[in-house]
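Visitor: Could you take me through one part of this protein up close? I'd like to look at the greasy-looking bit on its surface and what surrounds it.

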Amino acid sequence: MADATRRVSVRLSLDDAARVKQELREVGETGQRSLDQIKGGAERASRSLELLDVATRGIQLAGLAAAARALVQAGDALTQGLSRLQQATGSVERAGQVYEALYRNALSTGV
């Protein structure tokens, strides 16, 4: 009797082996497709982050260029202002004194 039970269970296992093998293959293929989709998404995200990094660097460079331009413009405005003061006061020395007084006044008033 024990022999008959073993044969039946072994026979069922062998008969179902092909079906189980096919189902395992399908599970593996589904898993591989999912993994490929994840890899594709990760690669797209990586490229996007690289583009964001490049854009950030471009913005930083543009900011530095704008700051340099503003500094040059401020220097030009200062030079023009001193030149006008010199013309108005008649001497470089007097223009320096007036500029110094204006600067102190600006600091004290916060303007």
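Before we zoom in, how many helices and how many strands are there in the protein? And after that, which residues form the nonpolar patch on the surface?

Guide: Sure, let's start with the overall layout, keeping in mind that this is a predicted model. The protein has 2 helices and 0 strands. Helix H1 covers residues 2-89, and helix H2 covers 92-109. Of the 111 residues in the protein, just 3% are buried. About 9,600 Å² of the protein is exposed, and carbon and sulfur atoms supply 61% of that area.

Now for the part you asked about. The nonpolar patch on the surface is formed by Leu78, Leu82, Tyr99, Tyr103 and Leu107. Put together, these five residues have about 450 Å² of accessible area. Both helices have a hand in it: H1 and H2 each supply at least two residues of the patch. The largest share comes from H2, with 3 residues.

Let's pick out one member, Tyr99. You'll find Tyr99 in helix H2. Its relative accessible area is 32%. Why does that make Tyr99 partly exposed? Because 32% falls between the cut-offs, with buried meaning under 20% and exposed meaning over 50%. That value also clears the bar for patch members, which need over 30% relative accessible area.

While we're in helix H2, have a look at Glu100 and Arg104. These two form a salt bridge, and their closest N and O atoms are 3.8 Å apart. Both sit in H2, 4 residues apart, which is about one turn of the helix. Glu100 has 37% relative accessibility, so Glu100 counts as partly exposed.

The structure holds 2 salt bridges, so to speak of the other pair, swing over to helix H1. There, the side chains of Asp53 and Arg57 meet in a salt bridge, at 3.2 Å from N to O. Asp53 and Arg57 are also 4 residues apart in H1, about one turn of the helix. Asp53 is partly exposed at 36% relative accessibility, whereas Arg57, with a relative accessible area of 52%, is exposed. Arg57 gets that label because 52% is over the 50% cut-off.

So, back to where you began: the patch is made of leucines and tyrosines, namely Leu78, Leu82, Tyr99, Tyr103 and Leu107, and H2 gives the largest share of it.

Conventions
Residues numbered from 1 in each chain as written. Predicted model: local features only at pLDDT ≥ 70, side-chain atom pairs only at ≥ 80, totals over all residues. Heavy atoms only, no water. Patch = residues over 30% accessible without salt bridge, like charges linked within 9 Å, V, L, I, M, F, W, Y side chains within 5 Å. Areas by Shrake-Rupley, 256 points an atom, 1.4 Å probe, with all protein chains shown as cover. Salt bridge = Lys/Arg side-chain N within 4 Å of Asp/Glu carboxyl O. Buried < 20%, exposed > 50% of the residue type's maximum accessible area, 1.4 Å probe, protein only.
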